[in-house]
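Here is a short walk through one protein model, written for someone who would rather see it from the inside. Take a look at the sequence and the structure, then read on.

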Amino acid sequence: MRLNQREIDAIKAVVIETCGDRAVVRLFGSRLDDSAKGGDIDLMVELDEAVDHPARLSAWLSVKIMRATQGRKVDVILAAPNLEELPIHRIDREQGVILSHE
């Protein structure tokens, strides 16, 4: 995994502050490949409650995490009971690495 402990701690802190400590954060994509270089930080944040404004929350998390990780590009997808389950959610659950959990 190509995140250092400071970055992981920053991501966890932002998600807990914004979504609460029951949110589950998974890293997926190119940052899991230790032999790769560059690339953005791809995250899925799983919530156990409905999200009223998912696009706004996803954008807000992306910006806050980007600032906390010294400007690294961050993509955030959300999973919540009221949101459509997409193939990317299944892939992320199978291949992603949990950074924080309940």
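What follows is a tour of the core, two helices and the charged pairs. Please keep in mind that this is a predicted model.

**The core**

Let us start in the middle. The largest nonpolar core holds 21 residues, and those touching the most other members are Ile 11, Val 15, Leu 43, Val 45, Leu 61 and Leu 99. Two or more residues each come from α1 (5–19), β1 (24–28), β2 (41–46), α2 (54–68) and β3 (74–79). The largest share, four residues, belongs to α1.

Leu 43 makes a good viewpoint here. Beyond its neighbours within four places in sequence, Leu 43 is in contact with Ile 11, Val 25, Arg 26, Leu 27, Phe 28, Ile 65, Val 74, Asp 75, Val 76, Ile 77 and Leu 99.

**Helix α1**

With 15 residues at 1.5 Å a residue, α1 should span 21 Å, and its end C-alpha atoms are indeed 21 Å apart. Which residues of α1 are buried? They are Glu 7, Ile 8, Ala 10, Ile 11, Val 14 and Val 15. Viewed down the axis of α1, these buried residues fall within an arc of 165°, so they line one face of the helix. An α-helix has 3.6 residues a turn, so residues three or four places apart point the same way.

The N-terminal end of α1 is capped by Asn 4, which has a side-chain oxygen 3.1 Å from the backbone nitrogen of Arg 6. Just after α1 comes Gly 20, with a positive phi of about 95°.

**Helix α2**

α2 also deserves a visit: it has 15 residues and reaches 21 Å from its first C-alpha to its last, close to the 21 Å expected. Its buried residues are Leu 57, Ser 58, Leu 61, Ser 62, Lys 64 and Ile 65, and they pack against α1, β2 and β3. After α2 comes Gln 70, which has a positive phi near 55°.

**Charged pairs**

Side chains of opposite charge can pair when their charged atoms come close. The count for this model is nine salt bridges; here are three of them.

| Salt bridge | Closest N to O |
|---|---|
| Lys 64 and Glu 17 | 2.5 Å |
| Lys 73 and Asp 75 | 2.9 Å |
| Arg 90 and Glu 94 | 3.3 Å |

The pair of Lys 64 and Glu 17 links distant parts of the chain, with Lys 64 in helix α2 and Glu 17 in helix α1, 47 residues apart. Is each partner buried or exposed? Lys 64 is buried, because its relative accessible area is 18% and the limit for buried is under 20%. Glu 17 is exposed at 58% relative accessibility.

Arg 90 and Glu 94 are four residues apart in helix α3, which means that about one helical turn separates them. Arg 90 is partly exposed, with a relative accessible area of 46%, while Glu 94 counts as exposed at 54%. Elsewhere, Arg 26, Glu 46, Glu 85 and Arg 93 are joined into one network by salt bridges that share partners.

Two members of that network are worth a closer look. Arg 26 lies in strand β1 and counts as buried at 13% relative accessibility. Its side chain makes a polar contact with the side chain of Glu 46 (2.8 Å). Glu 85 sits in the loop between β3 and α3 (87–95) and is partly exposed, with a relative accessible area of 49%. The side chain of Glu 85 makes a polar contact with the side chain of Arg 93 (2.4 Å).

Terms used: Residues numbered from 1 in each chain as written. Predicted model: local features only at pLDDT ≥ 70, side-chain atom pairs only at ≥ 80, totals over all residues. Heavy atoms only, no water. Core = buried A, V, L, I, M, F, W, Y, C linked by side-chain atoms within 4.5 Å. Buried < 20%, exposed > 50% of the residue type's maximum accessible area, 1.4 Å probe, protein only. Contact = heavy atoms within 4.5 Å. Expected span 1.5 Å × (residues − 1). Arc of directions from axis to C-beta. Polar contact = N/O pair within 3.5 Å; in protein donor to acceptor, adjacent residues only side chain to side chain. Salt bridge = Lys/Arg side-chain N within 4 Å of Asp/Glu carboxyl O.
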